[in-house]
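Colleague: I have just opened this one and would love a friendly tour. Could you walk me through some of its features?

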Amino acid sequence: MRVPLPRWADMALIPVANVVLALFAAGLIVLIIGENPLKAVRIMVAGALGDSEGVGYTLYYATNYIFTGLAVAVAFHAGLFNIGGEGQAYLGGLGVGLVLLAFDRVLPLAALIPLAVLAAALFGAAWAFIPAYLQAYRGSHIVITTIMFNFLASALMVYLMVNVLIAPHQMSPESRELAPGAWLPQVKPVLAAIGVTVARSPLNLSFLLALLACVGVWAYLWHTPWGYELRTVGQSERAAVYAGVKPGRIIVVAMLVSGALAGFVGVNEIMGVHHRLLLNFNLGYGFTGIAVALMGRNHPVGVVLAGLLFGILSQGGAELAFEIPAITPEMIVVIQGLIILFSGALANFSRPFFERVFAATARA
Amino acid sequence: MPAAESAPPAIELRHIDKRFGTVHANRDVSMSIARGSITGIVGENGAGKSTLMSILYGFYEADSGEILVNGKPAAINSAHDALRLGIGMVHQHFVLIDPFTILENVMLGAEGGALLRRGKASAKQELERLEREYGLGVDPDAVVGTLPVGAQQRVEILKALYRGAGILILDEPTGVLTPQETDQLFRILKTLRARGSTVILITHKLREIMAVTDEVYVMRGGAVVAHRRTAKTDAGELAELMVGRKVRLEIEKGPAKPGAERLVVEDLTLHDARGVTVLDHVSFAARGGEIVGIAGVSGNGQSELLEVLAGIRAADAGRIVVDGVEITPSQPRDPARMRDLGVAHIPEDRHRLGLVVSFEATESALLGYQHDEAYAGAVLQRHGAINRHCAALMDEFDVRPRQPFLRSASFSGGNQQKLIVARELARAPKVLLVGQPTRGVDIGAIEFIHRQLVEHRDAGCAVLLVSVELDEIMALADRILVMCDGRIVGEVARSDADERVLGLMMANARGADGIAASA
């Protein structure tokens with residue numbers, strides 16, 4: 001016999017149980033290749049959280065995951081599955097790059113930051129607009145079109161980098177480096193200014209943008225009439241029509257917001273880390289964002305927590321591959337894959353078990 | 001005709017107890033259902049009837065108590081076990097595959113081997129035998145999706161019989177039937193009884209209990225509160241037992257005082273996506289201070305009429321005038337702008353239109369009014385006002401439990417409906433569109449909702465009431481229009497209407513059942 005789970009169990013227990021199951025399965029694989037899983041865990045945790053450098057890298061990765069996780073979550077609340085975070089992040093980066101390449105020697109940083117953020121949002125949103133329009137008014141399925149737009153984004157970027165934006169007199173398809181005055185401040189110098197010493201890492205101020213985005217998404221979805229309408233469309237399109245909402249318009253708006261959030265990855269990567277336009281800076285963040293949103297139950301707080309977890313996996317995993325050569329970077333991808341599998345595809349795998357446990361304790 | 005007292009009862013329930021968390025759904029329920037009888041179980045929504053039957057059919061497991069089938073203790077853990085013991089269930093919502101023929105539907109799950117041919121032949125033979133024996137009047141080769149609702153229900157009964165069910169449970173079987181179809185169903189149930197089958201009829205319509213059952217159990221608050229021989233009770237007593245107090249089945253209302261025309265509909269025409277005409281030159285007017293009832297078998301254009309009037313769909317031709325404001329297909333108004341005109345809408349489908357089941361009650365109580373200045377500032381919602389509004393609605397309309405932050409799905413049907421009615425009436429609308437206001441709602445709530453509708457009539461609102469329940473139309477409406485095939489086929493004053501006349505008008509032009517249009 002089963003009973004519905006209490007809210008806290010649904011929100012916290014099940015996601016944690018899924019991660020534990022995934023780590024257990026990953027541990028078995030580590031065991032099979034002849035390494036000690038406990039040692040591997042120790043190295044991962046130490047690598048990700050053991051010192052300020054590790055923490056910096058973890059938060060830097062988490063920044064991207066929070067952006068793409070929020071992007072998926074917002075679309076999900078409108079009943080849409082945005083698989084196009086990858087392409088939207090790519091285009092967001094293009095927007096940031098174009099604006100900064102145009103103005104980096106002209107405008108002060110204080111003007112460049114809002115411009116870059118705006119460009120990231122606009123380009124990401126524009127890339128999401130076409131699939132959104134097709135879904136809302138032409139009945140093309142958003143999953144199919146956003147996937148296709150990932151490939152289009154990829155092809156477009158290769159064309160632009162190889163033929164248009166490549167810096168003169170060099171082989172690799174990268175733009176010229178931005179003027180240092182256009183770099184988004186990294187956390188090390190910012191903290192140094194207030195007397196705190198941390199190790200160098202790519203972590204930059206876009207982490208604050210990510211946290212702001214969380215607050216913004218939370219306020220938008222649960223504290224504005226438009227967010228209320230968006231959630232109504234996601235839960236019941238017929239009820240939304242009854243309430244005088246136009247679902248097509250909501251679908252477009254939700255995807256624009258979603259695309260803009262994914263586009264912010266470009267702020268972190270281009271303005272904060274690489275300081276030039278290049279290829280493949282977006283790789284994997286869009287897709288992992290789906291897992292982050294799923295695991296975070298499409299709530300900003302959950303997305304931050306899940307984003308941190310995936311940040312730990314990325315940073316700790318890199319450390320692990322370095323320390324134990326038998327565990328290759330591909331193995332780390334496998335571990336991430338297991339977590340995605342257990343918290344995504346098998347999200348309700350452990351539910352019947354807990355429902356029975358709760359039923360039994362309720363009866364006792 | 002209950003069988004001899006010595007034979008064991010077909011089903012005996014002993015001290016069945018079941019809790020869902022804090023909800024005590026069944027309290028020490030004991031019943032004995034005689035073989036070859038028709039036994040009714042009545043009770044309000046949430047009285048525990050459905051839970052009890054779900055236990056009997058293996059969907060839930062009782063916390064304690066035992067079930068005896070034909071005198072032997074039985075463990076029923078799945079529908080499969082139930083079928084094996086000869087218990088069949090006809091659900092409120094049919095479980096049929098529309099593009100399949102009746103034969104294919106009946107065979108599903110009992111195909112009889114890898115190749116269909118042999119199984120089909122023997123199934124057909126068996127169906128013919130059942131047809132001779134029970135006279136269900138269905139053609140095995142007819143495609144289920146093309147059949148009227150009544151015939152689809154008979155297919156469900158056939159499915160149960162084909163699987164050898166000697167005990168048949170029917171859950172609210174008459175909700176979607178015309179009076180004629182209901183009569184036919186009752187004839188079939190009596191034939192089943194005559195052939196020795198046992199029938200359990202779950203309903204909250206007392207007229208049906210009186211018409212067809214031998215015995216009746218009344219449930220209230222999860223417990224059996226009375227067991228009566230049908231011949232030795234009456235609808236009044238049963239109703240009282242169900243709600244635990246006296247209720248009026250007839251609503252007390254003064255004569256209508258019709259004022260100015262508030263809603264005028266002229267030649268409204270609508271075609272669906274396939275080009276079928278669903279509304280065919282519908283014209284009528286409703287005055288302030290009257291309730292206009294629209295009777296008809298469901299699926300004859302009433303739902304679409306309400307949707308067009310509410311602004312959910314635009315008509316293809318014709319015009320609507322609300323309080324002097326004209327709405328035409330070239331200048332349609334969406335539901336938000338219809339609300340601005342003072343049109344409120346209590347929709348037929350409360351789960352999909354009227355509220356959002358996954359939303360908290362406060363959020364459902366806001367549906368349609370999310371941009372109202374009282375609840376939305378320039379950017380942020382005014383959660384304080386929204387929550388107070390919901391609490392006030394709950395108080396005024398006695399929505400239970402009074403928990404504004406409970407998910408809408410956790411309220412019983414009657415309380416969900418009260419919340420919707422409260423929301424729509426809160427603004428004293430000029431025109432009130434009402435669809436099936438009491439479908440799946442318990443008696444106490446029905447009475448309350450009916451009284452509210454009459455009060456708003458008396459306050460000068462023009463009420464358009466669509467219902468497939470003739471009782472409801474006759475209790476409330478001052479004038480009755482009958483819809484059939486997208487047209488208004490007749491109008492009768494309340495004083496001239498009776499069920500026979502209305503029933504025949506409702507069946508007008510429906511050749512399928514062979515009922516002559518004699519009204």
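Modeller: Gladly! Let us begin with a hairpin in chain B, bearing in mind that this is a predicted model. The hairpin of β19(B) and β20(B) has two residues between the strands, and D485(B) there takes a positive phi near 55°.

Colleague: How many bridges join β19(B) to β20(B), and which residue is the bridge partner of M483(B)?

Modeller: Strand β19 covers residues 479-484 of chain B and strand β20 covers residues 487-493. The two run antiparallel and are joined by six bridges. For M483(B), the bridge partner in β20(B) is I488(B).

Colleague: Which strands are the edge strands of the open sheet in chain B that contains β11 and β14?

Modeller: Four strands form this open sheet, in the order β12-β11-β14-β15, with antiparallel pairing. An edge strand pairs on one side only, and that description fits β12 (277-287) and β15 (325-327) of chain B.

Colleague: Which helix lies across β11, β12 and β14 of chain B, and at what angle does it run to β12(B)?

Modeller: Beneath that question sits a well-connected pair: β11(B), residues 261-271, is joined to β12(B) by seven bridges. Among the partners, V264(B) is matched with A285(B) in β12(B). The helix lying across these strands and β14(B) is α9(B), residues 302-310, and its angle to β12(B) is about 65°.

Colleague: Turning to chain A, are helices α3 and α11 roughly parallel or antiparallel to each other?

Modeller: Their axes come within 7 Å and cross at roughly 175°. Angles over 145 degrees count as roughly antiparallel. Helices α3(A) and α11(A) are therefore roughly antiparallel.

Colleague: How do the residues of the contact of α3(A) with α11(A) divide by class?

Modeller: From α3(A), the residues include F67(A), L70(A) and V74(A), while α11(A) brings, among others, M255(A), V257(A) and L261(A). By class, the contact divides into ten nonpolar, two polar and no charged residues.

Colleague: Is A119(A) buried or exposed?

Modeller: A119(A) lies in helix α5 of chain A, residues 109-138. Leaving aside neighbours within four places in sequence, A119(A) is in contact with G95(A), V96(A), L98(A) and V99(A). The cut-off for burial is 20 or more other C-beta atoms within 10 Å. Because A119(A) has 26 of them, A119(A) is buried.

Colleague: And H169(A), is that residue buried or exposed?

Modeller: H169(A) is found in the loop between α6 (142-164) and α7 (187-193) of chain A. Its phi is positive, about 60°, although H169(A) is not a glycine. A residue with 12 or fewer C-beta neighbours counts as exposed. H169(A) has 5 inside 10 Å, so H169(A) is exposed.

Colleague: Where in chain B is the cis peptide bond from R400(B) to P401(B)?

Modeller: The bond from R400(B) to P401(B) has omega near -5°, and it is cis. P401(B) lies between two helices of chain B, in the loop between α13 (383-396) and α14 (413-425).

Colleague: Finally, which helix gives the most to the side of chain A that touches chain B?

Modeller: In all, 17 residues of chain A are in contact with 25 residues of chain B. Helices α9 (225-235) and α10 (237-242) of chain A each supply at least two residues of that side of chain A. By class, that side has nine nonpolar, six polar and two charged residues. With five residues, the helix that gives the most is α9(A).

Technical notes:
Residues numbered from 1 in each chain as written. Chains lettered and ligands numbered in written order. Predicted model: local features only at pLDDT ≥ 70, side-chain atom pairs only at ≥ 80, totals over all residues. Contact = placed C-beta atoms within 7 Å. Nonpolar A, V, L, I, M, F, W, Y, C, P; charged D, E, K, R; others polar. Axes fitted to C-alpha atoms, helices over the stretch in contact; angles between N-to-C directions. Parallel < 35°, antiparallel > 145°, perpendicular 65-115°, else oblique. Pairing = 2+ DSSP bridges.
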